[in-house]
Amino acid sequence: MFGNVLVTGGAGFIGSQLIRRILPISQHIYVIDDLSTGQLEAIPESEKITFIKDSITNKRVLDEIMPRVEYIFHLACSNIIKSVIDIELDLNTNLIGGFNLLQSAHKHCLKLRRFIYASTTSVYGAATLLPTTEDYYKIELPYSASKFSAEHYCSVYHSMYHTPTVVLRLSNVYGPGQTILNPYCGVVAKFFEAIDNDMPLIIYGDGQQTRDFTFIEDALDAFLLAAINDGAIGQVYNVGTGVETTILKIADEVKKSTGHPDSLVEFKHKRPVDVVRRRNIDSTKIQRELQWRVNYSLSEGLKKTFLWFKEEGR
Ligand SMILES: NC(=O)c1ccc[n+]([C@@H]2O[C@H](COP(=O)([O-])OP(=O)(O)OC[C@H]3O[C@@H](n4cnc5c(N)ncnc54)[C@H](O)[C@@H]3O)[C@@H](O)[C@H]2O)c1
């Protein structure tokens with residue numbers, strides 16, 4: 001049972017699903033989100049939830065909440081696509097915001113049990129080591145730089161002040177809750193939406209680029225395991241399936257699972273963020289140390305996503 005929890009970015013995809021998962025086992029959940037890409041409606045209604053519409057760059061609001069919380073799940077972020085459009089926003093949100101949280105938690109959380117930071121496999125860039133392990137990095141985009149730098153501050157606060165940080169490097173998470181109301185959402189939600197609107201599925205590049213797609217429930221398992229295992233403190237973990245999937249294959253699977261095998265695919269020029277040809281994540285460490293498992297295959301995950309999309313995904 002968690003006590004009082006803070007979830008930053010709780011109106012976003014993963015944050016809102018995390019809140020649903022931990023609500024029954026939390027005393028109270030404080031959510032800080034500036035709603036820049038998140039939706040208030042994504043947060044379940046409950047007396048046990050207090051929503052604060054504000055930015056993690058606002059130190060005053062952080063200092064006010066911190067004395068009350070024991071678990072911090074830090075998911076607020078400016079996303080990869082925005083990072084190349086507004087590099088300063090990316091730096092302020094992902095690095096300065098993350099630093100503010102660590103500093104405020106250090107100063108004001110008297111009973112902090114965990115500070116879990118949702119980082120990203122984007123720190124691996126166009127990796128030459130595949131499958132990629134935690135000791136590798138290749139920083140090419142602003143988002144990778146700001147997220148990786150915030151990881152370093154987790155390490156600094158853990159080393160200097162014993163802040164109980166855990167870094168989870170997530171990889172292409174998809175599933176129920178990923179909504180196209182966020183224009184920067186991932187490719188899976190975009191494909192479901194295209195089929196629903198009888199539009200072609202847009203692929204940037206030739207579609208042969210691969211990603212390691214993780215179903216939301218598997219990703220959430222990693223957050224919970226990191227929260228309950230003391231051995232996770234001070235560690236960095238990859239969270240991915242180890243399965244490489246091309247974007248063309250995702251398009252085919254989505255077409256199949258929706259019963260629209262003849263939907264068209266339209267190829268467009270690569271965007272500035274499309275620098276990664278292959279992504280394949282080695283998650284041996286979290287499997288060995290926290291007994292994390294991949295429970296959902298891509299086809300199972302897509303089936304569940306489709307069911308959600310039909311019922312409430314728009
Ligand atoms: N979705 C993925 O595939 C994926 C992969 C790797 C890492 N991650 C990481 O997981 C976390 C959650 O990702 P997501 O997919 O749910 O993203 P999301 O964009 O759906 O959610 C991010 C939330 O942060 C909020 N936000 C943005 N700037 C803020 C600020 N200054 N103050 C407060 N709130 C702010 C947004 O309004 C949004 O609700 C992020 O930190 C991201 O880097 C996600």
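Pro131 turns up in the loop between E5 and helix H5 (142-161). In this predicted model, the peptide bond leading from Leu130 into Pro131 is cis, and its omega is near -10°. A second backbone oddity sits in another loop, the one between E2 and strand E3 (49-53), where Leu35 has its place. Leu35 is not a glycine, yet its phi is positive, near 60°. For context, most residues other than glycine have a negative phi, and most peptide bonds are trans.

Zooming out, the domain assignment splits the protein into domain 1 (2-172 + 213-239) and domain 2 (173-212 + 243-277 + 296-312). Taken over C-alpha atoms, the centres of domain 1 and domain 2 are 25 Å apart. Where the two meet, 26 residues of domain 1 are in contact with 23 residues of domain 2. On the domain 1 side, the elements that give two or more residues are helix H1 (13-22), helix H3 (80-85), strand E10 (214-215) and helix H7 (216-228). Sorted by class, that side of domain 1 has 13 nonpolar, nine polar and four charged residues.

The ligand comes next. Both domain 1 (2-172 + 213-239) and domain 2 (173-212 + 243-277 + 296-312) give residues to the shell around the ligand, so the ligand lies between them. There are 32 residues around the ligand, and the ones that come nearest are Gly9, Gly12, Gly38, Ala76 and Cys77. Elements giving two or more residues to this shell are H1, strand E2 (26-33), helix H4 (87-108) and strand E5 (114-120). H1 gives the most, with three residues. As for the make-up of the shell, twelve of its residues are nonpolar, 17 are polar and three are charged. H1 therefore shows up twice, both among the elements on the domain 1 side that touches domain 2 and in the shell around the ligand, where H1 gives the most. H1 also packs against H7, at an angle of about 65° and with the axes 10 Å apart. H1 and H7 are therefore roughly perpendicular to each other. Their crossing is right-handed. From H1, the contact takes in Ile14, Gln17, Leu18 and Arg21, while H7 supplies Ile216, Ala219, Leu220 and Phe223. By class, the contact of H1 with H7 has six nonpolar residues, one polar and one charged.

Two more helix pairs share H8. As a general matter, two packed helices are described by the angle between their axes and the distance between the axes. For helix H6 (residues 187-196) and helix H8 (residues 247-257), the axes come within 10 Å and cross at roughly 45°. That angle makes H6 oblique to H8. The crossing of H6 and H8 is right-handed. On the H6 side, Val187, Val188, Phe191, Phe192 and Ile195 do the meeting, and their partners in H8 are Ile247, Ile250, Ala251, Val254 and Lys255. In this contact of H6 with H8, nine residues are nonpolar, none is polar and one is charged.

The other partner of H8 is helix H10 (residues 298-312), with the two packing at an angle of about 50° and their axes 10 Å apart. H8 is thereby oblique to H10. The crossing of H8 and H10 is right-handed. H8 brings Glu253, Val254 and Ser257 to the contact, and H10 brings Leu298, Ser299, Leu302, Lys303 and Phe306. The residues of the contact of H8 with H10 divide into four nonpolar, two polar and two charged. Val254 of H8 takes part in the contact with H6 and also in the contact with H10.

Notes
Residues are numbered from 1 along each chain as its sequence is written. This is a predicted model: local features need pLDDT of at least 70, side-chain atom pairs count only at pLDDT 80 or more; totals for chains, interfaces and linings use all residues. Axes are lines fitted to C-alpha atoms, for helices over the stretch in contact, and angles run from 0 to 180 degrees between N-to-C directions. Helices (H or I, at least four residues) and strands (E, at least two) are DSSP runs, numbered from the N terminus. Angles under 35 degrees count as roughly parallel, over 145 as roughly antiparallel, 65 to 115 as roughly perpendicular and the rest as oblique. A crossing is left-handed if the near helix is turned anticlockwise from the far one by less than a right angle, and right-handed if clockwise. Two residues are in contact if their C-beta atoms, placed from the backbone, lie within 7 Å. Ala, Val, Leu, Ile, Met, Phe, Trp, Tyr, Cys and Pro count as nonpolar, Asp, Glu, Lys and Arg as charged, and the others, Gly among them, as polar. Domain bounds come from an automatic or database domain assignment. A residue is near a molecule or strand if its C-beta atom, placed from the backbone, lies within 6 Å of it.
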